[in-house]
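Work through the exercises below with the sequence and the 3D structure at hand. Try each task before reading its solution.

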Amino acid sequence: MTAVRALLIVNPVSTAAAAAGLPSITSPLAAVTRLDVAVTTHPGHAGELARSAGRDGFGVVAVLGGDGTLNEAVNGLLADPDAGAESRPALGILPAGGMNVAARSLGLPPHPARAVRRLVTAVSQKRRTVVSLGRADGRYFLTGAGIGFGAELMARVDAVRSTGGRPPTWRRYLTEGARQFRHATERRSPALRVEAEDGEAVDDVCAVLVANTSPYAYLGPWPLSPCPRASWQGALEGFALTTLSVPRCSALMTRVLLAPRHEHGGRAVRRFRQQRTLTVTADAPFALHVDGEPLDRCRRVRFTSFERALALAL
């Protein structure tokens with residue numbers, strides 16, 4: 001029987017990529033696949049490599065990197081939106097980033113040298129788990145997207161990392177988040193409008209989270225699950241904040257941390273459950289991120305749920 005063709009995409013600047021030791025990843029994979037290895041050299045390169053792999057008949061595309069590299073690869077694999085999940089390469093996840101939200105949400109081992117054992121087993125047994133994806137206009141995402149404060153924080157951390165080379169640890173997110181919240185984010189003038197697929201609309205919104213799975217993020221070892229009903233097998237869950245007051249946000253964050261499986265509410269929270277589409281608009285450009293990757297500011301974004309969009313090698 002001919003072994004499946006596999007491409008391993010390596011982001012050498014990911015937080016844990018160098019420490020993982022490339023031979024400890026490539027040797028097990030090469031034992032069960034016809035393995036090619038490609039190292040990214042510029043932003044967007046992982047997407048280019050994944051797109052080519054899909055066109056060239058590879059059966060598996062594995063990514064050694066963080067959530068941003070994964071997002072690029074996902075968008076490369078989905079470059080042909082008319083192809084079905086079964087005809088695309090399966091995505092293998094080897095977590096080497098600072099947060100690794102997708103890998104942790106899927107219950108994968110935290111170290112890539114351990115995660116590759118599970119990937120090898122999945123490839124050997126031809127296991128493929130088909131999941132849904134979200135899309136923000138033309139950009140697909142695995143775990144979630146955000147508008148407002150969360151997206152501004154992602155852009156701030158990305159800028160700090162680009163200029164200082166410091167890894168985006170959870171402590172870095174916490175520190176920069178406090179600075180962004182206190183000194184930079186406009187908290188007194190809610191300006192967003194959120195519209196659901198059934199026409200229900202909420203005005204005067206400060207920030208929006210759109211979840212494709214839960215947990216949405218992690219604060220160190222603690223999961224953050226503002227949308228605990230979100231699932232890889234379901235539609236999108238929307239979470240809108242109508243205030244960014246310090247007391248209410250602090251109380252809500254505490255409740256989410258202490259009881260991550262509970263769906264927390266209150267006067268400041270509006271929920272949009274199981275949405276195939278969700279649209280956010282504003283008069284002024286707002287910050288936007290998908291899977292932790294900052295995108296260009298915009299005045300309108302349409303989120304769409306795509307069921308059974310991508311196969312994961314799990």
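**Exercise 1: a surface patch**

L22, V37 and V39 form a nonpolar patch on the surface, with about 210 Å² of accessible area together. The model is predicted: local features need pLDDT of at least 70, side-chain atom pairs count only at pLDDT 80 or more, and totals for chains, interfaces and linings use all residues. Residues are numbered from 1 along each chain as its sequence is written, and side-chain values use heavy atoms, with hydrogens and water left out.

Task: place V37 and state whether V37 is buried, partly exposed or exposed.

Solution.
1. Strand 2 (residues 33-39) contains V37.
2. The relative accessible area of V37 is 42%.
3. Buried means under 20%, exposed over 50%, and partly exposed in between (1.4 Å probe, protein chains only).
4. V37 is therefore partly exposed.

**Exercise 2: a salt bridge between loops**

Task: find which residue forms a salt bridge with R128, and say what the pair ties together.

Solution.
1. A salt bridge is a side-chain nitrogen of Lys or Arg within 4 Å of a carboxyl oxygen of Asp or Glu.
2. The partner of R128 is E86, with the closest N and O atoms 3.6 Å apart.
3. R128 lies in the loop between helix 6 (112-124) and strand 5 (129-136), and E86 in the loop between helix 4 (67-77) and strand 4 (90-95), so the pair ties together parts that are 42 residues apart in sequence.
4. R128 is partly exposed at 31% relative accessibility, whereas E86 is exposed at 53%.

Helices (H or I, at least four residues) and strands (E, at least two) are DSSP runs, numbered from the N terminus.

Note on methods: Patches are made of residues with over 30% relative accessible area and no salt bridge: like charges are joined within 9 Å, nonpolar side chains (Val, Leu, Ile, Met, Phe, Trp, Tyr) within 5 Å. Accessible areas come from the Shrake-Rupley method with a 1.4 Å probe; for residues, only the protein chains shown count as cover.
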